[in-house]
Amino acid sequence: MATAHIIGAGVAGLAAAVEMSKAQFRVVVHEQSGQAGGRCRSFHDNTLGCTIDNGNHLLLSGNKSALSYLDTIGAGDQLIGPENAEFPFVDLKTAERWSIELDRGSMPWWILNKDRRVPGTRLSEYLSGLKLLSAGNRTVKQLFAGQGQLYERFWDPFTVAVINTSADLAAARLLTPVIRETLARGADFSRPLIARHGLSTTFVTPAIDWLKKRGSEIRFNDRVSGISMNEQRVVSIQTGTGPEPIGNGDVVVVAVPAWMVKSLIADVSAPDRFVPIVNVHFRVENARMPLMKKPLLGMLNSLSQWLFVRDDVASVTISAGDEAASRDSEDILDTVWREIAPEIGQPVDKRPARARVIKERRATFLGTPEQLEKRPSPSTKWPNLVLCGDWVDNGLPSTIEGSIRSGQTAAQQVAHLFAS
Ligand SMILES: Cc1cc2nc3c(=O)[nH]c(=O)nc-3n(C[C@H](O)[C@H](O)[C@H](O)COP(=O)(O)OP(=O)(O)OC[C@H]3O[C@@H](n4cnc5c(N)ncnc54)[C@H](O)[C@@H]3O)c2cc1C
């Protein structure tokens with residue numbers, strides 16, 4: 001039986017491992033750390049006294065690659081969300097509140113109704129969304145700024161949430177496939193979803209269990225430090241326990257982050273600028289959200305961008321977080337608590353003692369047109385070596401959906417070439 005060596009056990013590597021196992025390869029996963037999940041994982045936090053995710057992760061019900069992966073590993077029921085595709089917002093500067101609620105089916109009837117549109121926006125602004133089809137190398141700002149409130153109240157926050165890059169820098173064309181696969185297909189494909197009991201319980205542990213049941217080996221604390229090739233193919237990898245020969249029908253899937261790949265393959269092209277995401281968590285007794293109908297709130301003109309409530313933890317996401325990551329954590333806690341306390345029915349002057357700021361410095365690559373040019377395709381000049389990860393060209397921004405799709409695509413590609 002041919003062996004597939006997967007280097008890296010983030011969601012891209014796990015998705016690739018699952019595909020290779022389905023394609024009847026013996027699978028060995030090499031993960032440098034003591035746990036799987038990479039940038040999509042949960043851990044026990046002593047300050048909060050509970051398990052939290054390294055960052056709030058939002059998916060949409062049209063994320064077909066992530067959903068098919070979860071179905072395969074038996075975790076299809078681990079994502080939860082409201083029945084409708086409804087996104088409540090509050091603007092802290094004007095105190096205005098509104099909700100975007102999508103219709104079922106692909107006709108966006110809601111934009112014809114002034115009362116269902118974002119306050120202050122005109123129908124013509126929505127129609128200009130068609131410009132995405134010919135975005136070329138333009139940024140979101142170049143495409144949509146100067147058109148009114150829809151830029152400030154939709155395109156800008158949507159871009160920051162989806163691409164983790166401010167709208168003045170972000171490549172508009174990265175939004176196109178996201179919108180095509182979700183919002184443009186209506187409510188059934190646009191419902192917000194979060195991991196019911198956390199990221200690891202949803203995306204990671206069931207995958208490891210599934211792989212082990214099929215005889216796969218998961219080697220933790222096993223850093224791969226080198227890959228040796230000849231003209232034709234990869235011949236060995238240097239693992240934590242020594243060199244591992246790569247036989248004739250064997251394959252190697254590299255699923256490490258962009259900033260690691262050059263230590264394994266010298267001349268590969270990869271994005272080289274990264275953006276932080278800051279998450280702020282408060283352990284709140286009896287969290288209530290009297291003004292919100294859903295456990296998710298978009299916030300504008302505030303440091304806080306998205307407020308999530310799961311059980312008794314209120315968490316805030318700050319994406320495109322260069323400025324936030326440079327701030328002192330106490331300052332972030334104070335500011336964010338003042339902003340969210342009224343939304344969850346808590347006194348502003350009683351900031352919970354159990355609170356935590358997590359700054360993920362390299363959460364995603366910077367989604368500019370220049371950085372997109374650096375994304376490589378999954379295949380390499382060695383047929384038995386493929387690449388996957390959120391940074392490999394998969395058409396999508398740096399997301400769980402992009403990572404999983406990338407892992408699935410790379411694996412299917414190499415499995416097809418090497419099928420016995
Ligand atoms: C705070 C935060 C919030 C986010 N929010 C969202 C969101 O709301 N929605 C969404 O869809 N996405 C979100 N993302 C993005 C998403 O988490 C990432 O795109 C995705 O997890 C990347 O997965 P990956 O497998 O490509 O890479 P990684 O998760 O980085 O996995 C790579 C793995 O390779 C291992 N590795 C590295 N080098 C070696 C080596 N030499 N040998 C062996 N192993 C190695 C690493 O330890 C790691 O486990 C967020 C990310 C962060 C950090």
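**View 1. Domain 1 and domain 3, and the contact between them.** In this predicted model, the C-alpha centres of domain 1 and domain 3 are 33 Å apart. The contact draws 13 residues from domain 1, while domain 3 contributes 9 residues. Together the two domains bury about 930 Å² between them, and 68% of this area lies on carbon and sulfur atoms. On the side of domain 1, Arg39, Trp259 and Ser398 provide 47% of the area buried against domain 3, which is more than any other three residues supply.

**View 2. The domains along the chain.** The domain assignment divides the protein into domain 1, made of the segments 3-43, 198-272 and 368-418, domain 2, covering 104-190, and domain 3, covering 274-365. Domain 1 and domain 3 each give at least three residues to the shell around the ligand.

**View 3. The shell around the ligand.** There are 35 residues around the ligand, and those that come nearest are Glu31, Arg39, His57, Leu58 and Ile400. By character, the shell consists of 14 nonpolar, 15 polar and 6 charged residues. At least two residues of this shell come from each of the helices α1 (11-22) and α12 (400-418), and likewise from each of the strands β15 (274-283) and β19 (355-365).

**View 4. Polar atoms facing the ligand.** For glutamate 31, a polar side-chain atom lies 2.6 Å from an oxygen atom of the ligand. Leucine 58 takes part through its backbone, where a polar atom is 2.8 Å from an oxygen atom of the ligand. Asparagine 56 also approaches with a backbone N or O atom, which lies 3.4 Å from a nitrogen atom of the ligand. On its own the ligand has 1,000 Å² of accessible area, and the protein covers 94% of that area.

How values were computed:
Residues are numbered from 1 along each chain as its sequence is written. This is a predicted model: local features need pLDDT of at least 70, side-chain atom pairs count only at pLDDT 80 or more; totals for chains, interfaces and linings use all residues. Side-chain values use heavy atoms; hydrogens and water are left out. A residue is near a molecule or strand if one of its heavy atoms lies within 4 Å of it. A polar contact is a pair of N or O atoms within 3.5 Å; within protein, one must be able to donate a hydrogen and the other to accept it, and residues adjacent in sequence count only if both atoms are side-chain atoms. Accessible areas come from the Shrake-Rupley method with a 1.4 Å probe; for residues, only the protein chains shown count as cover. Helices (H or I, at least four residues) and strands (E, at least two) are DSSP runs, numbered from the N terminus. Ala, Val, Leu, Ile, Met, Phe, Trp, Tyr, Cys and Pro count as nonpolar, Asp, Glu, Lys and Arg as charged, and the others, Gly among them, as polar. Domain bounds come from an automatic or database domain assignment. Contact means heavy atoms within 4.5 Å. Buried area is the accessible area (1.4 Å probe) that two parts lose on being put together, summed over both.
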